[in-house]
Amino acid sequence: MDRRKSIKTLVVGSMAAGVLAEACKQADNKPAEAAETAKETAGTGINRMAEEKAYAKTLEGKVFFTPEEMATITILGDIIIPRDEVSGSASDAKVPEFIGFIVIDMPEHQTPMRGGLRWLDLQCLNRYSKPFKDCTHQQQMEIVDEIAWPAKAKPEMTQGVAFFNLLRNLVASGFYTSEIGVKDLGYMGNVPNQWNGVPDEVLKQYNLAYTEKELKECISFS
Amino acid sequence: MGDLQIKKQSKQYDAVIVGSGAGGGMAAYVLAHAGLKVCLLEAGPMFDPKTDSNQLKNPWESPRRGASTKFRPFGDFDGCYWGWEIDGEPYTHKNDTKWEWWRARMLGGRTNHWGRISLRFGPKDFKRKSIDGLGEDWPIGYEDIKPYYDRIDQLLGVFGTNEGLPNDPDGIFLPPPKPRLHELFIRKAATGAGVPVIPSRLSILTKQINKERGNCFFCAQCGRSCKVYGDFSASSCLVIPALKTGNLDLVTNAMAREVLTNKEGLATGISYVNKDDMQEYQVYGRTVVLGASACESARLLLNSKSPRHPNGLANSSNVVGKYLHDSTGADMGGVIPALLDRKRYNEDGVGGMHVYTPWWLDNKKLDFPRGYHIEYGGGFSQPSYGFSWGMEELSDYFNLKGRSMEAGGYGATLKKDYRALFGTRIAMAGRGEAIAREDSYCEIDPEVVDKYGIPVLRFNTSYTDHEIKQAKHMKETFAEILHNMGAIALWGHKDGPENNYGLHAPGNIIHEAGTVRMGNDPRHSPLNKFCQAHDCKNLFVVDGGPFVSQADKNITWTILALSMRTSEHIIDELKNNHI
């Protein structure tokens with residue numbers, strides 16, 4: 001998925017929405033071939049047509065990442081999204097489990113993830129004689145700092161930057177679509193509502209106002 | 001499977017309809033309510049939004065967090081079964097054609113998830129050749145179809161405002177919702193650039209219109225289909241009510257193979273595959289109505305060869321499949337820095353934009369024909385897979401409250417960045433009119449069949465300078481609007497001549513039309529002005545096929561109006577024993 005396209009997914013509420021949202025997923029049409037993992041599947045209570053149910057069955061029980069890889073993903077996830085004064089961490093929101101599932105559902109993430117984790121471990125082995133997960137926190141943060149800032153990263157670290165970008169994006173996807181993450185963002189929709197326009201204090205804040213025509217013609221609720 | 005045999009239904013219907021979307025659904029509704037005995041074939045399964053919608057699900061209820069699959073290209077909660085690819089149902093391309101073909105397989109078809117943008121064609125839209133010499137005029141004008149628009153507005157419900165615009169006719173509107181915050185930013189910026197912004201016109205019930213349907217409760221999820229029938233879908237508003245008349249037999253999972261004809265060349269029914277038992281069936285009627293979608297209906301006609309119709313049914317003109325065209329499309333989006341760390345509230349609104357821009361310029365002063373409208377998006381939408389994707393390239397643009405947001409990052413600072421950016425993004429999408437051309441077409445692939453053994457479509461389409469220059473103009477407009485509101489473009493702003501200014505592949509906008517066009521001259525058009533085949537008087541087409549041109553308006557409202565008009569013509573013709 002290319003980033004330019006994927007940004008579109010978040011922007012476009014509902015309008016021509018789909019067309020844009022869909023653009024980032026063209027690559028996901030391949031069947032989940034020989035991936036080996038994952039427990040979570042169908043998503044209970046979601047309407048599925050027969051073909052989707054059959055596909056969900058093929059995902060059942062598949063596991064891709066090794067326990068060592070999952071441990072590394074968990075550490076990195078909590079570095080990217082740690083607990084803070086507002087909300088919990090990536091692992092609190094079960095982001096590692098989400099990533100474990102999504103690479104089964106979207107096999108195109110498998111090689112970049114596996115290879116990126118291996119790249120990271122090799123860096124650590126060369127520097128600290130240990131794979132990433134067994135390094136000290138300080139060592140871990142040293143290497144993370146070299147791949148977390150694309151504008152500042154050294155040329156020899158670009159593969160690591162690309163891996164960390166993907167991981168950051170997957171972690172954000174997993175976290176902000178969890179119950180913890182949605183609450184953190186303060187998203188207040190997805191409930192029956194009566195849309196009465198932008199709150200007055202917000203209009204004032206931005207020096208905006210509805211026209212008389214709008215106030216007369218638009219639906220309002222008292 | 002047992003022995004393969006053809007099962008012939010003994011019941012003789014007044015009408016056999018193929019397809020249950022806007023066109024077929026409206027035909028079923030009108031004919032069944034008139035007391036005719038109707039059989040409706042749908043290639044997919046039953047779908048009732050009341051029980052089957054994924055409305056009000058939370059993102060974590062999907063294991064892929066709402067990401068798309070090949071089964072639901074618009075996301076895991078979307079209200080449409082299938083999309084660009086269907087297992088076992090290929091289509092092919094000729095030359096370097098990029099055509100993308102969306103196909104729904106379910107009761108109600110694509111109307112379960114469409115954008116509900118319900119625009120009337122204007123007087124000029126029916127007479128474009130007379131204005132710019134390109135394409136063809138319709139055999140009908142706005143005055144012929146206006147009464148049907150009026151009735152559909154009232155029957156199905158659409159909000160909007162009467163603006164007195166010459167080519168964007170007034171309607172019978174429910175009150176629109178007030179603009180959201182980003183839409184007020186857009187209105188201010190666009191108006192400053194001379195681009196009008198008016199309330200959108202969507203078939204969503206801001207007020208209740210009858211007892212069968214509830215009113216909108218502003219969850220912004222029309223794309224998932226509505227459990228209270230608060231928006232228009234052919235399933236909830238046409239076919240399900242038609243079933244209640246007792247005059248309609250619905251056959252789901254019925255994949256039409258061909259239109260059957262008799263020695264006189266008249267249509268006698270449809271042969272189809274039942275996807276449940278994989279047996280072959282035939283169903284008979286006094287009339288046959290195709291609403292399978294512009295391309296599927298063309299495919300059916302081209303696959304229905306007989307001694308009387310050796311070139312395919314209703315195709316003595318050799319025009320079936322030709323003049324295929326989709327809306328043009330180009331997009332751009334970005335972030336409004338003024339909205340960083342904005343106050344939270346529920347701004348879901350209706351499922352779609354509250355404002356839009358109708359075409360506003362005079363082509364005489366431009367280097368391309370025909371126009372486009374602009375759709376707008378943005379705001380606090382429900383997070384889903386892909387949320388804030390791309391922080392590695394994005395956050396260095398901002399200086400927030402004295403803190404420079406640096407690209408990439410991690411940790412507590414990154415969490416603050418995600419929060420700050422939530423609800424700051426906007427998107428603009430131009431949707432314009434392409435020219436229908438004889439050399440942009442679909443045809444039967446001579447070698448490839450689908451898993452039912454039905455020959456498939458092969459596409460041969462292209463764009464010309466007309467469409468490319470339109471896309472260029474869209475991009476210039478978008479850039480100016482973004483600039484005026486102090487927004488930062490993040491995508492779609494780097495397109496140029498090397499990629500046709502980001503012009504979408506044809507088919508991608510999913511407004512395909514023109515394959516079975518209407519016209520007064522049987523040598524150049526398969527259908528007459530009532531969407532009745534010149535070569536086969538008891539055969540009708542009610543989807544996007546009959547469109548001579550498609551305006552810069554989304555075509556659904558016009559499909560509905562034409563289908564209602566054609567259906568009433570069928571009733572008259574049957575009553576008068578003309579067919």
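Start by selecting chain A: 43% of its 222 residues count as buried (buried means that 20 or more other C-beta atoms lie within 10 Å of the residue's own, with C-beta atoms placed from the backbone). What you have open is a predicted model, where local features need pLDDT of at least 70, side-chain atom pairs count only at pLDDT 80 or more, and totals for chains, interfaces and linings use all residues. Residues are numbered from 1 along each chain as its sequence is written, while chains are lettered from A and ligands numbered from 1 in the order in which they are written.

Stay on chain A and switch to cartoon view. You'll find 11 helices and 0 strands (helices are DSSP runs of H or I, at least four residues, and strands are runs of E, at least two, numbered from the N terminus). Now look at contacts in chain A between residues at least 6 apart in sequence: 56% of them join residues at least 24 apart. Here, a contact means C-beta atoms, placed from the backbone, within 7 Å.

Next, show both chains. How many residues does each chain bring to the contact? Chain B puts in 97 residues and chain A 78. On chain B's side, the elements giving two or more residues include α5 (181-192), β9 (328-335) and β17 (488-491). Pick out α9(B) too, as this helix gives the most to that side, with 6 residues. Colour the chain B side by type and you get 42 nonpolar, 30 polar and 25 charged residues (Ala, Val, Leu, Ile, Met, Phe, Trp, Tyr, Cys and Pro are nonpolar, Asp, Glu, Lys and Arg charged, and the others, Gly among them, polar).

Now hide chain A and find the open sheet of 6 strands in chain B, ordered β4-β10-β11-β14-β9-β17 with antiparallel pairing. Strands count as paired if DSSP finds at least two bridges between them. At the edges sit β4 (198-199) and β17 of chain B, each pairing on one side only. Zoom in on β4(B): 2 bridges tie this strand to β10 (residues 355-357) of chain B in the antiparallel sense, and B:I198 has B:Y356 as its bridge partner. Bring back α5(B), which lies across β10, β11 and β14 of chain B at about 25° to β10(B) (axes are lines fitted to C-alpha atoms, for helices over the stretch in contact, and angles run from 0 to 180 degrees between N-to-C directions).

There's another open sheet to visit in chain B, with 3 strands in the order β3-β16-β15 and mixed pairing. β3 (92-93) and β15 of chain B each have a single partner strand, so one side of each lacks a neighbour in the sheet. Select residues 441-449 and 455-460 of chain B: these are β15 and β16, antiparallel and joined by 5 bridges. One bridge pairs B:I444 with B:L457. The two strands form a hairpin with 5 residues between them, and B:G453 in the turn has a positive phi of about 85°. Across β15 and β16 of chain B lies helix α7 (residues 294-302), at about 60° to β15(B).

Last stop: helix α6 (residues 234-243) of chain B, where 8 of 10 residues are buried. Among them are B:C237, B:L238 and B:V239. What covers the buried residues of α6(B) includes α1 (22-33), α4 (142-156) and β5 (248-251) of chain B.

Conventions. Contact = placed C-beta atoms within 7 Å. Buried ≥ 20, exposed ≤ 12 C-beta atoms within 10 Å, placed from the backbone.
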